[in-house]
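Ready for some practice at reading a protein model? Work through the exercises below with the structure open beside you, and try each task before you read its solution.

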Amino acid sequence: MRIVEVNCYPLYNKDRDGISRERGDNNNTLIELKTDCGLAGYGSTYTTLALTTASMRLLEPILKAEEDVAPARISEYLHQRHFWFGRGGSITNVISGVDIAMWDLFGKKLGISVSRLIGGRYRDKIRPYASMTFTDKKPITPRIEGAKALGFEGFKMGWGTLGRLDLKNDEKVVAECRRAAGGDGAIMIDAGGSGAYYNVTYKRALETAKMMRGYDVEWYEEALRPDDIEGFVKLREHSPVRISSCEVLTRRQSFIPWIERRAVDIVQPDSTKVGGLTEALRIAWHAYDYGVDYVGHGWNTAFGLAADLQLAAAMPNAEWVEYITPSPLIDDIVTTKFEIKDGYLDIPDTPGIGVEPDMEKIKYYTTPGK
């Protein structure tokens with residue numbers, strides 16, 4: 001089975017009325033790999049079409065020269081060949097989407113799910129949490145209530161003014177999240193430390209973590225700037241709530257000090273930028289060996305979610321999967337929609353990653369605006 005055609009589709013995150021969100025940005029790109037046996041594999045990368053196209057000028061000739069599709073070997077070869085063009089840059093992001101698409105092809109060729117290919121299934125379902133931000137103009141409570149109506153039992157809110165004003169403001173928004181979620185709902189709080197000019201330091205973050213304990217917060221995410229490993233080491237040691245981070249890191253090597261120094265309780269690799277399923281799997285197992293939990297970062301597309309579900313099935317320490325809501329790039333672009341039942345998502349056990357694109361919908365989301 002050889003790859004004979006590579007196609008890249010920009011995805012614009014439109015509201016259902018056709019208006020592009022997030023400044024009309026094309027933040028995700030769908031990658032399609034077609035083969036000489038008629039199969040097609042799909043993956044997405046967290047980067048723009050322009051950067052994907054530029055990276056593909058280097059990657060595509062290598063992909064087409066391969067005699068067969070071998071995801072882990074080929075992905076590593078692509079990384080090794082292109083260190084000088086950016087270790088962890090746009091090329092790594094694009095390799096991520098290629099890797100997911102190759103695993104999708106590999107599973108389809110063999111007729112089994114990716115989760116079985118990468119080691120076997122520990123579970124057939126997992127809890128999704130509704131991932132939302134404070135930056136939306138809508139109030140917090142109606143948004144959490146809307147997510148509850150869809151069947152979610154976990155809710156993550158983040159960014160906005162959190163950590164940007166004072167502790168009183170932080171407690172106000174956390175308290176509202178708890179009221180809206182109810183006593184049985186799980187809440188996670190994401191400070192968005194990778195945002196531009198975020199400036200919360202260890203002492204302020206520790207105060208915030210202590211406040212969060214009173215509201216039974218599951219975890220405190222990106223509490224500090226993403227490169228502040230020393231601050232995270234101290235914060236994780238002294239925080240009464242679990243600390244999570246690492247969504248901005250790429251390549252397994254970047255995660256080693258964070259895991260081995262136990263800078264986080266939960267490590268959050270993004271399969272659409274870290275290097276694909278191949279790298280995310282290695283990171284998740286390394287974390288497991290050090291007693292660090294794994295929850296994939298999934299602020300991307302249905303194909304990223306599908307990859308995360310396959311990985312969650314194959315890991316003994318996976319307890320949640322991130323699910324952006326509402327997001328047409330999750331809900332509208334695949335032929336079979338994800339469905340929450342009793343607070344859980346079933347993990348597909350069909351060949352490949354378990355989803356297929358709705359190409360008519362893909363066509364709609366490849367152009368900005370109406």
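**Exercise 1.** Find tryptophan 159 in this predicted model, and work out which loop holds tryptophan 159 and whether tryptophan 159 is buried, partly exposed or exposed.

*Solution.*
- Start with the place: tryptophan 159 sits in the loop between β5 (154–158) and α6 (167–181).
- Next, check the backbone. Phi of tryptophan 159 is positive, about 65°, even though this residue is not a glycine.
- Now the surface. Buried means under 20% relative accessible area and exposed means over 50%. Tryptophan 159 has 28% relative accessibility, so it counts as partly exposed.

**Exercise 2.** Do the same for arginine 251: where is it, and is it buried or exposed?

*Solution.*
- Look in the loop between β8 (242–245) and α9 (252–260), and you'll find arginine 251 there.
- Its phi is near 70°, again a positive value in a residue other than glycine.
- The relative accessible area of arginine 251 is 8%, so this residue is buried.

**Exercise 3.** Which residue does a cis peptide bond join to proline 326, and in which loop does proline 326 lie?

*Solution.*
- The partner is threonine 325, and omega of this cis bond is about -5°.
- As for the loop, proline 326 lies between β11 (320–324) and α12 (328–331).

**Exercise 4.** How are helices α3 and α10 oriented to each other, and which residues meet?

*Solution.*
- Take the angle first: α3 (residues 90–110) packs against α10 (residues 276–289) at about 95°, and the axes are 5 Å apart.
- Angles of 65 to 115 degrees count as roughly perpendicular, so that is the label for α3 and α10.
- From α3 come Ser96, Asp99, Ile100 and Trp103; from α10 come Gly276, Leu277 and Thr278.
- Sort the residues of this contact by class and you get 3 nonpolar, 3 polar and 1 charged.

**Exercise 5.** Zoom out to the whole chain: what radius of gyration does it have, and what would a compact globule have?

*Solution.*
- For 370 residues, a compact globule would have a radius of gyration near 21 Å; the chain has 20 Å, so the two agree.
- Along the principal axes, the C-alpha atoms fill a box of roughly 60 × 45 × 35 Å.
- Inside that box there are 13 helices and 13 strands, and 58% of the 370 residues count as buried.
- Finish with the surface: the chain exposes about 15,100 Å², and carbon and sulfur atoms supply 51% of that area.

Definitions and conventions:
Residues numbered from 1 in each chain as written. Predicted model: local features only at pLDDT ≥ 70, side-chain atom pairs only at ≥ 80, totals over all residues. Heavy atoms only, no water. Axes fitted to C-alpha atoms, helices over the stretch in contact; angles between N-to-C directions. Helix = DSSP H or I, 4+ residues; strand = E, 2+ residues; numbered from the N terminus. Parallel < 35°, antiparallel > 145°, perpendicular 65-115°, else oblique. Contact = heavy atoms within 4.5 Å. Nonpolar A, V, L, I, M, F, W, Y, C, P; charged D, E, K, R; others polar. Rg over C-alpha atoms; globule rule 2.2 N^0.38 Å. Buried < 20%, exposed > 50% of the residue type's maximum accessible area, 1.4 Å probe, protein only. Areas by Shrake-Rupley, 256 points an atom, 1.4 Å probe, with all protein chains shown as cover.
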